Amino acid sequence: MARVAILNYIKRPSPVHELTGTAKLVFFLAWSVASMVTFDTRVLICMLLIGAVIFKISQIKIRDISVVLGLAAVFLLLNNFFIYLFTPEYGVEVYESRNVLFPIVGRYTVTAQQLFYHLNITLKVICVVPIALLFIACTDPSEFASSLARIGVSYRAGYAVSLALRYIPDVQREYRNISQAQQARGIDLSGKDKLFTRLKNSVAILLPLIMSSINRIEVVSNAMELRGFGKEKKRTWYMQRKLQKNDWLAIGFALAVLVIGLGVTFSNGSRYYNPFMEAL
Amino acid sequence: MKKLSVKSVVAIGIGAALFFVLGKVAIPSPVPNTNISLQYAVEAVFATLFGPIAGILIGFIGHTLIDATSYGPWWSWIIASAFVGLVIGLATMKLNVEDGIDSKKLIHFNVAQVIAHVLAWGVVAPVLDILIYAEPIEKLFAQGLMAAVANIITTGVVGTLLLLGYAKTVVKKGSLEKED
Amino acid sequence: MAQPIISFRDYGFQYRAQATPTLHHINLDIYPGEKVLIAGASGSGKSTIGSCINGLIPYAYPGENTGELLVGGKDPKKESIFALSQMVGTVLQDTDGQFIGLTVGEDIAFALENDCVVQDEMKRIVEETAKLVDIDHHLEYAPHELSGGQKQRVSLAGVMVEKVKVLLFDEPLANLDPAAGRAAIELIDEVQERTGAAVIIIEHRLEDVLWRKIDRIVLMEEGRIVADMPTKAFLADTMLLEHGIREPLYLTALRYAGVPITEKLEPQHVDSLQLSEAHKEKVRAWYRDNEDIGEAGAQKRDILSVENLSFGYTPEVQNLKDVSFSIKEGEMVSIVGKNGAGKSTLAKLICGFEKPTAGKICLEGRDLSDDTIKERASRIGYVMQNPNQMISKPLIWDEVEMALLAGDMSAGERKERVEETLKICGLYPFRKWPVSALSFGQKKRVTIAGILVQQPRIIILDEPTAGQDYHHYTEIMEFLKSLNEQGFTIIMITHDMHLMLEYTPRAIVFCEGELLADTTAAHVLNDPDLVRRANLKETSLYTFSMACGIENPQKFTERFIAYEEAHRRKQEG
């Protein structure tokens, strides 16, 4: 059987791995919220540096996640490119000043403000990347559902996440098998056919996949019902771990970063840190 | 909120697994660097069959898992994916595809999916992007428009054919006679 | 006598979605500690009885019932499905569907989690129960790291944590290889002895279930109970085949030899048979009389040859190691071996779905390495196990025509080709039907037609009869046989030892990615060493013929099969 690595959980002994799923989930959410709200370069750089330190502690190697990093880089490059393509003067608007560094062609010039804006938007994305990757790479998928339940998500929704993780490899294998069998009947999605033909062809793979998934839903829900899922208002978790001192420290630290970060950001009455205005 | 039935929980789990797997299958489209997103056709079909809450969570969980395994979550688009499931699920609640399907129901489904995609990619995603990432409006709406058009076409063609196929497959035995 | 734990009184049931009742006038008592087999063809209502007992009816499948049903003295309609689940533990046929947790430990704990059992207690119970079914060394394994038999053990442990009074098994043998199936029956027996729970097994593979003692057999047909008696008396009765159930092979052999089957023979197991010297002589006489039955076919030329083929999905694991064999034109061959032995991988390599790491595959002497999937498909067709995984058009005609649309045939040519194919497959009268109106066996034909329309020379089928009762099994296999007689070369991947014996003269045996043997089907099953290494199961004919003093069990098996086929032909013709 083909090996299927879904979420790239990498088991290694490290303090980050030892934290409970709950602590890592809270950490990840706090980090996401902070990075979404703030546009303050100083806060973003601090978060990036902290992320890098934690990454080092986690024993995860860069090469373990090189593919993911590559994807992130491509995504960032494209995003920056499109922003510049559409609005080369956007930084000027945001930072309310204009220092031209050099012109390119037509309306496209390079200004310090535009570059600074690009720096910030890039920082906003990459300061979450190490934490998001660590969350995925260092958390046992078995802990996801119970962690969600502990921060207040209904256990039914939490269990849906667990089921998704459970059945991704099965669905993947089934997709592969069906598409191979259909390729033998001339159905090919990667070929040079017209878009419309390819969409129509995809149905030859998707319809059997969906019908079998609907069948699977029936079997799985019967199996769960027969073993008492949904009986009580709560449920306990075989894989849940008690929160230890380190977990509380991690949660406290993440929340502190969130609060301080937002405090610093809005201390000047705006979410932007504007070096150009101070220079004036 | 009403409790989710066991069947809905499972439909969400398996639906999200499908969303994830299809989202990871790259089918190149004519426009460089954008792929045909078959997962939205499947999300639309599941939202029609299992309702709005299943629709929301399939989009939310599925998209989060895709992002988390590629470049970290881009929340605005994740929420837009969930929104697509919500709107289609709400708009098709009384459609009862299990009882058979006709052109009226298919039009209903398609109107719903067009509205859902236009709102999701034309309004929800760009507005959230402005709030979160303060990206320039021009870029966001161009991007949103492209996504909306691509997803409307995909859902319109693939989703419609899937619903048709589903309805014809689950239909009960009629009084069929052999022909020589 | 003790109170029955399950009691049906003139019970009838009709699903809400169906026009007629599925069960009629069921009267059935099952007592604590009993071991009961419910047998019957597909659609006989045996699974519906199971759903009544575990509460899926009426909770998951609503409908109307008449008469009375008591489970543990209570009416399921007035209980919740949760209350029932603490009394009745169900092991479903689909072990992947029942395996809900991300790891073995979590899955066993699932019911306890729902009961809000505290964690320390939960870990203790899981540990204990896992030991009981011998899976305690795999608690951290994910489902895809386990074999089918292991997954079934997990399912069993998962329902046993509730201290249930009744264990219900829905077709426990359907997804297992022969040796794993035998182990499952042994395990069920052990668990029953240790826990004292009543065991109900729903299965149509009678002989395999009877490997261990069964107290009583209930036979279903068209929603009614047509027999309900102790195993011995049941087997002495002769009506099995009429009800779509295959009787144990050693009993058929006795019948062919003219020995009447009575309770005195102790017919419940091949080892328990009490045969007199006169009986044995009758069997030996039959063996001598059928000496010249069945002859080997003329040697043909090679159509497919596989040379030194190796392959691994990852560099570390070799799924196939240096495999070589060839198939002759017009042959019908079985490929057997335990789950994960490399059988399906081999099929994928032949079809070009995967590329070998070494070696080559030749069709009529031509190397196929550079051919695309589509090019190979016009010579070698591949049929998946489950027809629902292949059918993607609502109408039969469209489904069969699909493969032709990718080529550059004219509409007229296509019509001609589709019609011709439908006629070969006996589907022509149904050509305008929707696929949904067909039975499983007919759907299988449709998928085969969808392959045949490309006019391949070779057809590879993955488990063509998995999960089918004897009637559908025969229907599918006779159809394949007729295709074979029309000149198609047929290769089947199978777990079914009957299929291999009855329909394929030759068998290729795989184990751990290596080709273990390439010989006659009868030889494979009469070689105890081969049987053990490939996770197969010798037939009862082997033991039976030894007991009758026949020195060559392999020849006995061959004659039995040939005689049976002649017998079947005579009945049909």
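**The chain A–chain B interface and the fold of chain C**

In this predicted model, 50 residues of chain B are in contact with 56 residues of chain A (contact here means that the C-beta atoms of two residues, placed from the backbone, lie within 7 Å). On the chain B side, helices H1 (6-24), H2 (39-50), H3 (52-68), H5 (103-133) and H6 (137-170) each bring at least two residues to the surface that touches chain A. Helices and strands are DSSP runs, numbered from the N terminus (H or I over at least four residues for a helix, E over at least two for a strand). The top contributor is H1(B), with 13 residues. By residue type, that side of chain B splits into 35 nonpolar, ten polar and five charged. Here Ala, Val, Leu, Ile, Met, Phe, Trp, Tyr, Cys and Pro count as nonpolar, Asp, Glu, Lys and Arg as charged, and the others, Gly among them, as polar.

A word on bookkeeping: residues are numbered from 1 along each chain as its sequence is written, while chains are lettered from A and ligands numbered from 1 in the order in which they are written. As for confidence, local features need pLDDT of at least 70 and side-chain atom pairs count only at pLDDT 80 or more, whereas totals for chains, interfaces and linings use all residues.

Turning to chain C, there are 23 helices and 19 strands. Its radius of gyration is 25 Å, close to the 25 Å that the globule rule gives for 573 residues, so chain C is as compact as a globular protein of that length (the radius is taken over C-alpha atoms, and the rule is 2.2 Å times the number of residues to the power 0.38). Along the principal axes, the C-alpha atoms of chain C fill a box of roughly 70 × 60 × 50 Å. Among contacts in chain C with a separation of 6 or more, 69% link residues 24 or more positions apart.

Of the 573 residues in chain C, 49% count as buried. Buried means 20 or more other C-beta atoms within 10 Å of the residue's own, exposed means 12 or fewer, and partly exposed is in between, with C-beta atoms placed from the backbone. Helix H5(C), residues 104-114, is mostly covered, with eleven of its eleven residues buried; among them are Val104(C), Glu106(C), Asp107(C) and Phe110(C). These buried residues pack against helix H6 (119-132) and helix H7 (148-160) of chain C. Just after H5(C), Cys116(C) adopts a positive phi of about 60 degrees.

Elsewhere in chain C, Lys481(C) sits in helix H18 (residues 470-485). Lys481(C) is partly exposed because 16 other C-beta atoms lie within 10 Å.
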